[in-house]
Amino acid sequence: MKKFSALCLTGALVSAAFVAATPAFAEDDEPFAACVDPGSPLTVTDGRSPIMVTQADGNAAAEEGSYVWAVDQANATPGVDEIVIAAGVVIENIPEDHPIVESAILRGEDATSGILGLGVITAENEAHVEYESRYAISNLTLYSVEDQDNFAGILDLKQSCGNVLSNIRADGNEGILIHSDGTKFFHLTDSSFSNHVSPNGFDYGGMVTVNTMVEDPSVLVRGVSFTDNAGGAMRFLTPLRFTGEAGAGVTVADSIFARNTNANEPDYYTTGTLAFNELVAQEKFGETYPKTVEPLLNVVNTTFADNTALDGGGISVLGVNTPESITFAPAVVNIEDASFVGNNSEPQFGPTIRGNAIAFGGYLTTVRAGSALAVTNSTFANPNADGQDLNENGRPVPSISVQSLVGDVAVQHATFTGPAIDIGLVDSAPASLTVSNSAFESGDVEPIVTPEDPVMAVSGSHNAYTNWPTAFAADENSLVTTAADFALGDLVSTAGPTPVFIPAADSALIDAAASGGPSFDQRGLARPQGDAADIGSVEREVVAPEPEPEPEDPKPEPKPDPEPKPDPAPATPKPTPGTSDVDTGLANTGQNDALMIGVVSIALALAAAGGGVLLARRRLS
């Protein structure tokens with residue numbers, strides 16, 4: 001699952017990991033039997049040409065090119081039609097009484113296409129019939145009209161099989177509500193929602209709300225940024241009910257929640273930046289149990305930074321209700337490769353579940369042991385580092401607060417600054433807390449608090465603390481040292497997809513963890529890097545030194561060319577006794593020598609060839 005940039009939003013429209021076979025349902029859920037997973041591409045029927053919207057007036061029903069005209073064209077033909085809002089066209093005020101009935105693709109031609117004053121996009125099917133309709137909405141900018149009642153903009157997707165939204169942009173609105181009522185699949189990808197205010201004091205979030213999901217919904221939020229919104233970010237207002245079908249559940253991945261606030265009047269639903277009222281698992285009709293299923297909530301590779309909410313500053317799960325016959329792997333709620341930085345839970349109106357990063361469980365019932373909450377490869381920078389901000393129990397507000405627990409909380413390879421974990425009470429046994437290979441830099445503040453009565457099982461191994469938690473027995477594999485020895489330094493946001501602390505080369509955390517943990521760290525770097533894994537969410541990278549080049553064979557130094565010797569002067573031949581040059585009749589030049597040498601050479605050659613020639617010179621008198 002490695003990895004994406006924390007500030008660059010990426011991700012496929014739908015990950016193959018969430019494409020499931022057509023689910024089966026209990027007898028009373030038969031109307032959904034024909035529902036097709038929107039993970040498969042939604043394509044137009046018979047290659048139909050797009051229906052173009054070229055007019056801004058959404059109510060101009062009789063005029064070709066208006067939105068109402070386009071919807072009428074789509075509804076008149078069975079199958080999937082494509083409605084395209086032309087470049088530069090922003091539709092004003094879609095009429096609520098004119099929804100798209102058939103499955104359809106609605107998209108903008110480019111980034112300048114948009115909708116102003118949203119209305120009901122799709123049909124509400126009160127008859128609870130086949131739920132075959134599916135909608136793919138993409139490449140649109142959503143605008144709202146100021147001073148409208150309730151929400152200034154509502155993208156209302158009513159009781160359909162599935163809604164897939166991608167590349168949706170909404171900025172500076174008086175509240176945008178995506179209301180997916182009675183919809184089985186909801187996928188939101190590669191989109192951004194920012195600078196919204198909560199209109200007229202409404203508490204439901206200035207941005208996105210997914211509401212009234214039916215049994216076994218599949219919710220995917222990938223590559224989406226939620227920034228600077230008032231009234232929270234994304235909230236699920238009614239219980240999400242699951243039977244453990246493959247692909248069912250809520251996955252939030254590769255996304256950013258930053259500087260969102262929730263400070264309106266108290267409301268049962270106004271908690272957290274990413275908030276869930278209740279996650280419910282139930283035994284599926286006709287199934288044989290026990291059964292192991294995927295998490296109901298899976299948060300991966302996501303950053304929560306500087307958010308403020310009544311309960312969990314980052315994530316709030318008020319309730320979990322699961323049967324004992326279902327086991328969740330690794331947990332009902334799984335947090336992995338995530339960062340929680342500078343989030344606050346502020347109880348403006350009374351006691352809340354105060355977890356500055358995660359508030360878990362206003363009521364948890366019948367969770368099978370070993371499967372409540374799992375946190376792996378994650379970073380928690382708690383702004384309450386000095387422990388001065390106290391919760392309703394008079395204890396420092398931690399990063400993770402569990403109000404009541406049935407089941408197990410497991411934390412491995414995590415890094416905490418400030419108070420880390422506070423478990424308020426245990427509803428029923430068995431319940432346990434296990435921490436391993438994690439760093440707890442809490443100064444003098446107690447890093448982990450567990451209830452005294454009843455006593456819950458706690459265990460830890462290969463952790464590092466600045467203050468030993470009193471709930472834990474002595475552990476020779478863990479260490480207590482100073483923040484200086486931790487040597488975490490500052491948060492680094494450029495080293496990977498989420499902000500992390502990278503321990504210095506001389507940190508006491510280096511090579512101090514046990515083996516057997518995840519094979520990658522929070523950034524996707526292979527673990528271990530050295531002789532053993534490092535304590536905490538991040539491995540310090542070990543760069544192998546470059547090998548020294550092998551010495552080349554020495555080349556002999558060239559010898560200087562010898563100085564040329566001058567040619568010797570030709571010697572004057574001595575006359576042979578009894579002879580005279582005059583006798584030969586030749587002038588006394590070098591030609592005589594050459595001639596004699598040539599003659600001698602020929603003679604020698606013939607002699608060597610066995611000729612036995614005797615060369616005689618005629619003696620002159």
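## Packing and pairing in a strand-rich chain

The buried residues of helix α1 pack against four strands: β1 (51–53), β2 (81–85), β3 (90–92) and β4 (104–108). The model is a predicted one. Helix α1 spans residues 67–75, and its buried residues are Tyr67, Val68, Trp69, Ala70, Val71 and Ala74. The N-terminal end of α1 is capped by Ser66. A side-chain oxygen of Ser66 lies 3.1 Å from the backbone nitrogen of Trp69. Trp69 is itself among the buried residues of the helix.

**The chain as a whole**

Strands outnumber helices here: the protein chain has 41 strands and four helices. The chain holds 621 residues, and 52% of them are buried. Contacts with a separation of 6 or more were also sorted by distance along the chain. Residues 24 or more positions apart account for 73% of them. The exposed surface of the protein chain comes to about 27300 Å². Carbon and sulfur atoms supply 53% of that area.

**Parallel strands**

Strand β21 (297–300) has pairing partners in β17 and β26. Strands β17 and β21 run parallel and are joined by four bridges. Val252 has Val299 in β21 as its bridge partner. Strands β21 and β26 also pair in the parallel sense, over four bridges. There Val299 stands opposite Ile335 in β26. Val299 thus appears in both pairings.

Which residues of β21 point one way, and which the other? Leu297 and Val299 point one way, while Asn298 and Val300 point the other way. All four are buried.

Further along the chain, β30 (residues 373–376) and β32 run parallel, joined by four bridges. Leu373 stands opposite Val409 in β32. Strand β32 covers residues 400–412 and is mostly covered, with ten of its 13 residues buried.

**Nonpolar cores**

In soluble globular proteins, nonpolar side chains tend to be buried together. The largest nonpolar core in this model has 94 residues. Those with the most contacts inside the core are Phe226, Met234, Leu274, Ile315, Ile335 and Ile421. Strand β34 (residues 421–436) gives the most to this core, with six residues. A second, separate core has 13 residues, including Ala305, Ala439, Phe501 and Ala512.

What does Ile315 touch, leaving aside residues up to four places away in sequence? Ile315 touches Leu274, Leu297, Val299, Phe304, Ile335, Phe340, Ala357, Ile358 and Ala359. Two of these, Val299 and Ile335, stand opposite each other across β21 and β26. Leu297 and Val299, which point one way from β21, are both in the list of residues that Ile315 touches.

**Around Gly272**

Gly232 sits in the loop between β14 (225–227) and β15 (234–236). Gly232 and Gly272 are 40 residues apart along the chain, yet their C-alpha atoms are separated by 6.9 Å. Is Gly232 buried or exposed? Gly232 has a relative accessible area of 1%, under the 20% limit, so Gly232 counts as buried.

Arg235 lies in strand β15. The side chain of Arg235 reaches the backbone oxygen of Gly272 at 3.2 Å. Arg235 is buried, because its relative accessible area is 0%. Gly272 thus links to this stretch through the C-alpha separation from Gly232 and the polar contact with Arg235.

**Backbone exceptions**

Most residues other than glycine have a negative phi, and most peptide bonds are trans. The table lists residues and bonds that depart from this.

| Site | Backbone value | Loop |
|---|---|---|
| Asp254 | phi near 55° | between β17 (249–253) and β18 (256–258) |
| Asn301 | phi near 55° | between β21 (297–300) and β22 (303–305) |
| Ala329 to Pro330 | cis, omega about 0° | Pro330: between β25 (326–328) and β26 (333–336) |
| Arg527 to Pro528 | cis, omega near 0° | Pro528: between β41 (500–501) and α3 (581–584) |

Neither positive phi belongs to a glycine: Asp254 is one case, and Asn301 is another. Asp254 counts as buried because its relative accessibility is 8%. Asn301 counts as buried too, because its relative accessibility is 3%. The loop that holds Asp254 follows β17, and the loop that holds Asn301 follows β21. Those strands, β17 and β21, are the parallel pair joined by four bridges.

How values were computed: Residues numbered from 1 in each chain as written. Predicted model: local features only at pLDDT ≥ 70, side-chain atom pairs only at ≥ 80, totals over all residues. Heavy atoms only, no water. Helix = DSSP H or I, 4+ residues; strand = E, 2+ residues; numbered from the N terminus. Buried < 20%, exposed > 50% of the residue type's maximum accessible area, 1.4 Å probe, protein only. Contact = heavy atoms within 4.5 Å. Areas by Shrake-Rupley, 256 points an atom, 1.4 Å probe, with all protein chains shown as cover. Pairing = 2+ DSSP bridges. Polar contact = N/O pair within 3.5 Å; in protein donor to acceptor, adjacent residues only side chain to side chain. Core = buried A, V, L, I, M, F, W, Y, C linked by side-chain atoms within 4.5 Å.
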